[in-house]
Amino acid sequence: MESRYPRGLDVGSLESPAFAVDRALLEKNARIMKRVADESGAAVLLALKGYSQFAAFDTLKPYLSGVCASSPHEARLGREEMGLEVHSYSPAYSEKALREIMGLSDHVIFNSPSQWERFSALREEFAGRVSCGLRFNPSHSETETAIYDPSAPLSRLGTVREELSPGFLRRVEGIHVHNLCEKDAGALVRTWRAVEKALGEELCGLRWINLGGGHHVTREDYRVEDLIALVREIRGKYGARVYLEPGEAWALNAGFLVATVLDLHRNRGDLAILDTSASCHMPDVLEMPYRPHILGSGEAGEKAHTYRLGGATCLAGDVIGDYSFDEPLKPGDRLVFADMAIYSMVKTTTFNGVGLPSQYLYDSRTEKLELVRRFGYEDFRGRLS
Ligand SMILES: Cc1ncc(COP(=O)(O)O)c(C=O)c1O
């Protein structure tokens with residue numbers, strides 16, 4: 001089995017299961033994001049919902065303008081651990097949550113005119129300290145998977161053109177448009193054209209325009225020049241400050257999940273049970289769904305030995321996928337899942353009492369390895385009563 005990846009890291013020496021994030025790979029992404037900021041004039045934020053391993057914030061901090069948050073907890077994490085701008089948005093706020101968010105944020109984005117009106121007194125109280133805006137729903141779908149499409153019919157995310165009363169946008173300082181998931185710059189250009197078509201002259205006079213996340217900027221084939229050109233065009237035409245708030249792109253392909261084969265088993269085919277779990281440690285595998293890549297593996301049937309890999313929970317569907325390997329698996333073998341920094345650590349659960357993976361930060365430039373966090377019974381117990 002391949003067991004030396006990322007470069008210089010002996011995965012056999014790590015605790016299992018464990019997330020290992022390479023600071024060198026994070027910084028490689030961050031440099032691309034900084035180029036976008038520098039050449040386009042956009043302020044680029046990190047969406048904490050996608051990646052918020054704050055032990056690595058010192059690596060990212062020199063390259064970003066701030067964070068975007070979805071709750072008081074994320075806003076506080078951003079304020080305390082990153083210490084830069086905080087931009088908050090939630091589909092709806094309770095008064096208690098909004099008061100907390102207002103005290104922690106530079107920008108607060110409301111989802112609907114009714115929330116905007118309901119909290120007018122609170123907005124007044126924070127006037128001059130917090131810049132408030134509205135999320136606009138362009139009703140223009142670019143994302144095929146319905147659960148990731150904010151423009152899907154009956155979507156609750158943002159206000160559609162028909163629900164905006166005349167002149168409403170003159171009362172907000174900015175608009176927020178998040179419409180994409182893992183998309184290229186072309187999808188953003190088409191989304192922006194839809195926004196311009198819907199809002200026309202109403203875009204003039206806004207202080208800021210936030211183009212949300214879902215920009216796969218650090219993917220190899222992403223056309224960074226097209227993103228830069230669009231941001232420059234928007235800034236030139238409307239004189240507004242432009243914000244981008246990707247999550248994924250910051251930590252794309254920068255993290256790994258190391259797991260161990262616990263048992264081999266058969267039921268019409270070969271099965272391997274691992275000490276990790278789709279349900280507990282990589283729920284997007286089931287939610288999206290998708291098949292994560294395992295280093296050194298092939299598709300089912302491509303290499304000599306094929307297995308269905310599953311987790312050690314009671315859920316029949318806790319299946320990661322079918323994979324093949326050159327050599328037969330045996331208990332104790334280490335498997336390394338790629339691209340596991342994003343939407344993994346932030347989504348883990350302790351269903352069945354399954355332990356949370358330890359966290360390592362690694363630097364493939366210096367081969368320095370830090371065990372950042374080990375989780376135990378208290379982390380499981382603490383969520384239950
Ligand atoms: C409002 C908002 N901003 C930013 C993001 C980050 O998106 P991504 O991680 O795909 O770049 C999301 C993701 O759902 C979002 O809903």
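The following paragraphs lead through a predicted model of a protein chain with a ligand, from its overall form to a few of its elements.

The protein chain holds 12 helices and 17 strands. Its radius of gyration is 22 Å, close to the 21 Å that the globule rule gives for 385 residues, and the chain is therefore as compact as a globular protein of that length. Taken along the principal axes, the C-alpha atoms fill a box of roughly 65 × 45 × 45 Å. Of the 385 residues, 42% are buried. When contacts between residues at least 6 apart in sequence are considered, 70% of them join residues at least 24 apart.

The domain assignment divides the chain into two parts, of which domain 1 is made of the segments 11-17, 255-340 and 357-381, while domain 2 covers residues 23-251. The C-alpha centres of domain 1 and domain 2 lie 33 Å apart. Where the two domains meet, 8 residues of domain 1 are in contact with 6 residues of domain 2. On the side of domain 1 that touches domain 2, the largest share, 4 residues, comes from strand β16, which spans residues 358-363. By character, the residues on that side of domain 1 divide into 3 nonpolar, 3 polar and 2 charged.

A good place to continue is strand β2. All 5 of the 5 residues of β2 (residues 43-47) are buried, and the strand is therefore largely enclosed by the rest of the structure. The side chains can be followed in two sets, since Ala43, Leu45 and Ala47 point one way from β2, whereas Val44 and Leu46 point the other way, and all are buried. β2 pairs with strand β10 (residues 241-244) in the parallel sense over 2 bridges, and in this pairing leucine 244 of β10 is the bridge partner of valine 44. β2 also pairs with β3, again in the parallel sense, over 3 bridges, and here alanine 47 has cysteine 68 of β3 as its bridge partner.

Alanine 47 appears once more around the ligand. The ligand is surrounded by 15 residues, of which the closest are Ala47, Gly50, Gly213, Pro246 and Gly247. The residues of this shell divide into 6 nonpolar, 6 polar and 3 charged.

Strand β3 leads on to helix α3, which spans residues 72-82 and whose buried residues are Pro72, Glu74, Ala75, Gly78 and Met82. An α-helix has 3.6 residues a turn, so residues three or four places apart point the same way. The buried residues of α3 pack against four elements, namely α2 (57-60), β3 (66-69), β4 (85-89) and α4 (95-104). Just after α3 comes glycine 83, which takes a positive phi of about 75°.

Another strand to follow is β6, with residues 131-137. Of its 7 residues, 6 are buried, so β6 is largely enclosed by the rest of the structure. β6 pairs with strand β5 (residues 107-110) in the parallel sense over 4 bridges, and in that pairing leucine 134 of β6 is the bridge partner of phenylalanine 110. A further 3 bridges join β6 to strand β8 (residues 174-176), and these two strands run parallel. Leucine 134 takes part here as well, with isoleucine 175 of β8 as its bridge partner. β6 and strand β7 (residues 159-160) also pair in the parallel sense, over 2 bridges, and asparagine 137 stands opposite valine 160 in β7.

The last stop is a single residue, threonine 218, which lies in the loop between β9 (208-210) and α8 (224-238). Is threonine 218, in this loop, buried or exposed? With 23 C-beta neighbours inside 10 Å, threonine 218 counts as buried, because the cut-off for a buried residue is 20 or more. Leaving aside its neighbours within four places in sequence, threonine 218 is in contact with Asn29, Ile32, Ala249 and Leu252. Lysine 183 is 35 residues away from threonine 218 along the chain, and the C-alpha atoms of these two residues are separated by 11 Å.

Conventions
Residues are numbered from 1 along each chain as its sequence is written. This is a predicted model: local features need pLDDT of at least 70, side-chain atom pairs count only at pLDDT 80 or more; totals for chains, interfaces and linings use all residues. Domain bounds come from an automatic or database domain assignment. Two residues are in contact if their C-beta atoms, placed from the backbone, lie within 7 Å. Ala, Val, Leu, Ile, Met, Phe, Trp, Tyr, Cys and Pro count as nonpolar, Asp, Glu, Lys and Arg as charged, and the others, Gly among them, as polar. A residue is buried if 20 or more other C-beta atoms lie within 10 Å of its own, exposed if 12 or fewer, and partly exposed in between; C-beta atoms are placed from the backbone. A residue is near a molecule or strand if its C-beta atom, placed from the backbone, lies within 6 Å of it. Two strands pair if DSSP finds at least two bridges between them. The radius of gyration is taken over C-alpha atoms; the globule rule is 2.2 Å times the number of residues to the power 0.38.
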